[in-house]
Amino acid sequence: MKITVAGTGYVGLVTGVCLASKGHQVTCLDVDEEKVKVMQKGKSPIYEPGLSELMQEYMGNLTFTTDYANAYKDAEVIFIGVGTPEKSDGSANLSYVYQVAKQIAQTAEKDCVVVLKSTVPIGTNDKIEQYIHDKQVHKCKIYVASNPEFLAQGTAVRDTLYASRIVIGTDEEYPAEVLVRVYEKFDAPKLKVGRRSAEMIKYASNDFLALKISYVNEIANLCETVGADVEEVTLGMGYDKRIGDYFLHAGIGYGGSCFPKDTKALSWLASFNDKEIRTVKAAIEVNDNQKLKLIKKAKKYYEDFLFLNVAVLGCTFKPGTDDLREAPSLINVPLLLEDGAHVRIWDPVGTENFKKQVPSEKIQYCQSIEDTIRGADICLIFTEWEEICNFDVNKYKQLMKHPIVLDGRNCYTLDQFEGTGVTYSSIGRKTVNDIEE
Ligand code: NAD
């Protein structure tokens, strides 16, 4: 089929490439000329495991362009995968989606199905359909269907090719048939639901996961106080199939492009409709506090960070991505700098983005974990990169000036630190080799 994907970010590009790998002719459209130039050379502008390889293999089915008129003119299906970031009041900013809708209305000449993949508030598909019909220039039938995306960054290609479910949100036969054909070769359960339900499935799923994380983090915090071990607790909980062991890991809170904004957007939508979604509000509040947990822990060892050498391991919001959106490091590193610390950072793929977001001469970027921790007074771990998890923990003692490691992602077992002389404090577990006050 002839498909156009508007927006080539983490969702749009992965969608486009995966559709191309199933034999569709896909035009990937973006407003960012630099990005498009990179993609035209067969390179992915974002870091996502397996994406570049798949892209190169199926370049024959892919076109990259900034020319929306040509991209929309005769497409059978148009996916919208542009961003829906948070506005200052917490609601979703739909201006990018409406811009695409306007361009489609101006240029589509053939009957087509517009598929909203971006995460949008309940009722948006209805409004977009009306908007397109009101502004439509050419005489053709344009349908709008919802097809929310559930991929996770870091595993996006696999999550798309073998999706947990493909939600087809439409109240009409034709767009449903078209989407079934689009996804014919995808090995995943296909679920046909109403458009508003599809929009709600996305928010309800993301917010539930955020809630699960915040719940475990609160349990972890309590574990520290009462002397229980959160890893043992979640292990025991996970055996219950009603709970499950996935997403049951304590840490310094969720980040990324979805959970923070989607929890706020649903909260906003509820209050706009004179409702309150208290569980989600609580999840947000818990997460905001949790992100500062390492700095609070560090205060036990140092009154402030003035002139201290602080090693930061990992700055992305999770491993497997170069995305920094809402990463805990983005809050913590500026606080350290403000307090007068010298900060050294190591991350395998996130440092270029970090430099742009937190420009500071006081930050030194290192090529190895060893160089980062050498001479450090304290080490803070924000991302559970494999390289960090596999690092020989004895080196913290050998290389740091004061071997204090605060691990926000529970990268190591407590046993690994027994007898090392390294003070190791993680989330929801006892501190090993603690310094007596
Ligand atoms: P992104 O910011 O990475 O990418 C958006 C892209 O759209 C950018 O490249 C931008 O230049 C482009 N764009 C903006 N206006 C455009 C226009 N008029 N025409 C063509 N391109 C345009 O966003 P993302 O992370 O891929 O997220 C996209 C949507 O998918 C959001 O609604 C998000 O909530 C949702 N989502 C994201 C994820 C994720 O893990 N990132 C997962 C599921 C759902």
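Which residue has a backbone N or O atom lying 2.9 Å from an oxygen atom of the ligand? That's Thr 119, and it makes a handy way into this predicted model.

Stay with the ligand for a moment. Gly 7 also uses its backbone here, with an N or O atom 3.4 Å from a nitrogen atom of the ligand. Gln 99 brings in its side chain instead: one of its polar atoms sits 3.3 Å from a ligand nitrogen. As for how much of the ligand is covered, it would expose 830 Å² if taken alone, and the protein buries 90% of that.

Now step back to the whole shell. There are 27 residues around the ligand, and the ones that come nearest are Asp 30, Lys 35, Thr 84, Gln 153 and Lys 261. Sorted by class, the shell holds twelve polar residues, nine nonpolar and six charged. If you're looking for the element that gives the most to it, go to helix H5, residues 95-107, with four residues.

Where does that put the ligand relative to the domains? Both domain 1 (2-193) and domain 2 (202-290) give residues to the shell, so the ligand lies between them.

Next, move along the chain to a sheet. Six strands make up this open sheet, running in the order E11-E10-E9-E12-E13-E14 with parallel pairing. At its edges you'll find E11 (363-365) and E14 (423-425); each has a single partner strand, so one side of each is left without a neighbour in the sheet. On average, neighbouring strands are turned by 20° against each other, direction ignored.

For a look inside the sheet, pick E12 (residues 378-381) and E13 (residues 404-407), a parallel pair joined over three bridges. Follow E12 to Ile 381 and you'll see Asp 407 of E13 standing opposite.

Note on methods. Residues numbered from 1 in each chain as written. Predicted model: local features only at pLDDT ≥ 70, side-chain atom pairs only at ≥ 80, totals over all residues. Heavy atoms only, no water. Near = heavy atom within 4 Å. Polar contact = N/O pair within 3.5 Å; in protein donor to acceptor, adjacent residues only side chain to side chain. Areas by Shrake-Rupley, 256 points an atom, 1.4 Å probe, with all protein chains shown as cover. Helix = DSSP H or I, 4+ residues; strand = E, 2+ residues; numbered from the N terminus. Nonpolar A, V, L, I, M, F, W, Y, C, P; charged D, E, K, R; others polar. Domains from an automatic or database assignment. Pairing = 2+ DSSP bridges. Axes fitted to C-alpha atoms, helices over the stretch in contact; angles between N-to-C directions.
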